[in-house]
Structures are given as structure tokens and as C-alpha cells.
Amino acid sequence: MYIDEVTLAFSLAGALFLQVFDTLPQDREVNPGELIVIPCKVRNRKGECAWLKDGVVVGKIPMKYTFNREPDDGDCGITITNTQLEDDDGLWQCQVTQASLQELTLTSPEVKLTVREAPYPPIIEDSTIQIVQGDPFTARANEPKRLHCLARKGNPPAILKWFLNDVEITTNVNQTNIRDLEKRKTWQAVSALDMTFAKEDNHKMLKCVAIHDAYDTKAKDITVQLGILLVTHFVSLSTRVLTNLHRLS
């Protein structure tokens with residue numbers, strides 16, 4: 001019994017001095033060129049601090065990556081200077097090496113550092129035909145129509161919103177984000193709008209807004225004016241049904 005109590009006492013004492021995280025790294029977003037700190041603080045630190053990006057060990061590089069391998073206060077946080085999309089955007093992880101054979105390496109969950117990249121201004125497409133800013137867009141009344149709004153080469157992807165005469169359209173709208181094939185680590189945001197326009201929509205302004213923190217104004221938009229065609233049917237003397245399209249004034 002005495003031996004078991006001693007063993008338990010030593011085990012409890014050892015547990016009290018195990019390396020544990022006091023502060024875990026957290027996801028961060030930053031604009032290009034800015035400085036960012038990813039926090040990581042360890043209680044009872046005895047091993048050496050290390051950082052991994054996308055699974056690869058990162059070295060201490062003056063004026064770029066700065067952290068203390070053996071901080072007395074356990075602060076293993078890394079300072080990243082002059083952040084760049086190609087170099088720094090990715091998954092980061094804080095580690096502390098084992099201090100004895102009885103301990104495991106202390107490893108934090110991976111966190112995402114996002115280096116923002118301003119997307120191109122949004123465009124509206126009808127099928128694959130781009131609608132030019134300010135040009136009228138012609139649609140038939142009471143016929144379903146699908147339009148797409150795109151904002152390319154952004155990181156993270158832009159948030160896209162549709163408006164009709166400055167009233168947000170919240171139904172029959174679906175946004176998907178896919179990797180942009182033309183520029184690494186950027187996204188193409190695509191919002192599909194399924195809409196059936198009525199004759200009352202003639203001359204209304206249809207707008208798509210791209211929202212992104214890397215824009216100077218935080219948002220950019222494209223606006224087109226609707227030109228609604230009214231479809232009428234009539235029967236000729238030869239009993240043929242004829243269709244006539246005319247633009248509403």
C-alpha cells in the first residue's frame with residue numbers, strides 16, 4: 001500500500017509540471033504587408049518552441065519570422081512581418097518538443113492564417129455573356145432567368161449580395177466558392193440568381209455587390225438597368241399562334 005501511495009504521489013507531482021497550453025493559436029486574417037502575431041503560450045515549458053506551416057518546420061528568419069525557442073515565460077508566439085499571400089497564407093501549428101521520454105511533443109491544432117487578396121470587381125453574366133456596367137439588360141416578362149455574379153482572384157472569397165432597386169434579394173440566391181485556377185491561393189466567388197422578372201420591374205436597377213475587407217471601400221458593385229420585354233400572343237386568320245415581343249416604355 002505504501003509503495004502505491006508513493007507512486008501515486010510522484011505521478012500527481014509529475015502531472016502538475018507537465019507542459020500544457022495556456023494560450024492556443026487562433027485563426028487570423030491580415031492584409032498584405034502587415035505584421036501579425038499568432039499567439040501560443042505554454043505552462044511549465046521545458047522543451048523548445050517550434051512552428052510548422054502546412055506541415056513543414058519554419059525557421060527563425062530575421063525581419064520575417066520571429067519567435068523564442070526557449071522563452072522563460074512560456075510565450076512561443078510567432079511574429080510574421082511583411083505578410084504575403086504566397087509565403088504566409090496557410091495552416092500554422094505551434095509545437096513544443098518533449099522534455100523527457102515520458103512526455104509527448106506538445107502540438108496545437110492547426111490554425112488558418114489568411115493573407116487577404118482583393119478580388120477583381122464583380123461582373124454579371126447571362127449564361128457566359130458578360131453584361132457591361134451601366135448597360136441595359138433585356139429579359140422577357142414572366143420567364144425564369146438565371147444570372148451569375150462573379151468576383152475572381154480573391155482571398156478569402158468575396159461575399160456576394162444581389163439588390164433590386166436597393167432592396168436585397170434573399171430568395172433563390174446561391175453562392176459557391178471555388179479555387180481560382182489562374183492564381184494560386186485565391187478564390188472565385190459565384191452567386192447564382194434565379195429570378196422571374198415582371199413587367200413592373202422595367203427600368204429597375206439590378207445590382208450585385210461584392211464585400212471584401214481588402215477593398216479600400218470594403219465593397220464594390222455592378223449595376224445594370226432592366227429592360228423588360230412583354231410577350232403577347234394572338235391568333236391569325238389562318239389559326240396560327242403568333243408571338244410578338246415589344247419593349248415596355
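Which residue of β6 does Trp 51 stand opposite? That would be Val 58. This is a predicted model, so here is a quick tour of what its strands and charged side chains are doing. A search of the whole structure turns up 17 salt bridges, and a few of them are picked out below along with the strands they sit in.

**Strand β5 and its partners**

- β5 covers residues 49–53, and five of the five are buried, so the strand is largely enclosed by the rest of the structure.
- Its side chains split two ways: Cys 49, Trp 51 and Lys 53 point to one side, while Ala 50 and Leu 52 point to the other, and all are buried.
- On the β6 side (residues 56–58), β5 pairs in the antiparallel sense over three bridges, and this is where Trp 51 meets Val 58.
- β5 also pairs with β9 (residues 90–96), again antiparallel, this time over five bridges.
- Within that β5–β9 pairing, Lys 53 has Trp 92 as its bridge partner.
- The hairpin of β5 and β6 has two residues between the strands, and Asp 54 takes a positive phi there, near 50 degrees.
- Lys 53 and Asp 54 also form a salt bridge, with the closest N and O atoms 3.1 Å apart.
- The two ends of that salt bridge sit in different classes of exposure: Lys 53 has 14% relative accessibility and counts as buried, being under 20%, whereas Asp 54 comes out as partly exposed at 42%.

**The β3-β8-β7 sheet and the acidic patch**

- Three strands make up an open sheet here, in the order β3-β8-β7, with antiparallel pairing.
- β3 (36–38) and β7 (65–66) are the edge strands, each with a single partner, so one side of each has no neighbour in the sheet.
- β7 is joined to β8 (residues 78–80) by two bridges, and the two strands run antiparallel.
- Across that pairing, Thr 66 stands opposite Thr 79 in β8.
- The loop between β7 and β8 holds Asp 73.
- Asp 73 belongs to a negative surface patch, together with Glu 48, Glu 70, Asp 72 and Asp 75.

**Strands β15, β18 and β19**

- β19 (residues 187–196) has seven of its ten residues buried, so the rest of the structure largely encloses this strand.
- With β15 (residues 144–154), β19 pairs in the antiparallel sense over nine bridges.
- One of the matched positions is Leu 147, whose bridge partner in β19 is Leu 193.
- β18 (residues 173–179) also pairs with β19, antiparallel and over seven bridges.
- In that pairing, Asn 177 stands opposite Ala 189 of β19.
- Pro 144 is found in β15, and with a relative accessibility of 71% it counts as exposed.
- Pro 144 and Asp 194 are 50 residues apart in sequence, yet their C-alpha atoms are 6.9 Å apart in space.

**Salt bridges between separate parts of the chain**

- Asp 180 forms a salt bridge with Lys 153, where the closest N and O atoms are 3.9 Å apart.
- Asp 180 lies in the loop between β18 and β19 and Lys 153 in strand β15, so the pair ties together parts 27 residues apart in sequence.
- Both ends are tucked away: Asp 180 is buried at 10% relative accessibility, and Lys 153 is buried with a relative accessible area of 10%.
- The pair belongs to a network in which salt bridges with shared partners join Lys 153, Asp 180 and Glu 182.
- Glu 29 and Arg 116 form another salt bridge, with the closest N and O atoms 3.0 Å apart.
- This one links distant parts of the chain, 87 residues apart: Glu 29 is in β2 (residues 28–30), and Arg 116 is in the loop between β11 (111–115) and β12 (123–126).
- Glu 29 counts as partly exposed, at 39% relative accessibility, while Arg 116 is buried at 14%.

Technical notes: Residues numbered from 1 in each chain as written. Predicted model: local features only at pLDDT ≥ 70, side-chain atom pairs only at ≥ 80, totals over all residues. Heavy atoms only, no water. Pairing = 2+ DSSP bridges. Helix = DSSP H or I, 4+ residues; strand = E, 2+ residues; numbered from the N terminus. Patch = residues over 30% accessible without salt bridge, like charges linked within 9 Å, V, L, I, M, F, W, Y side chains within 5 Å. Areas by Shrake-Rupley, 256 points an atom, 1.4 Å probe, with all protein chains shown as cover. Salt bridge = Lys/Arg side-chain N within 4 Å of Asp/Glu carboxyl O. Lys, Arg positive; Asp, Glu negative; His and termini not counted. Charge placed at Lys NZ, Arg CZ, Asp CG, Glu CD. Buried < 20%, exposed > 50% of the residue type's maximum accessible area, 1.4 Å probe, protein only.
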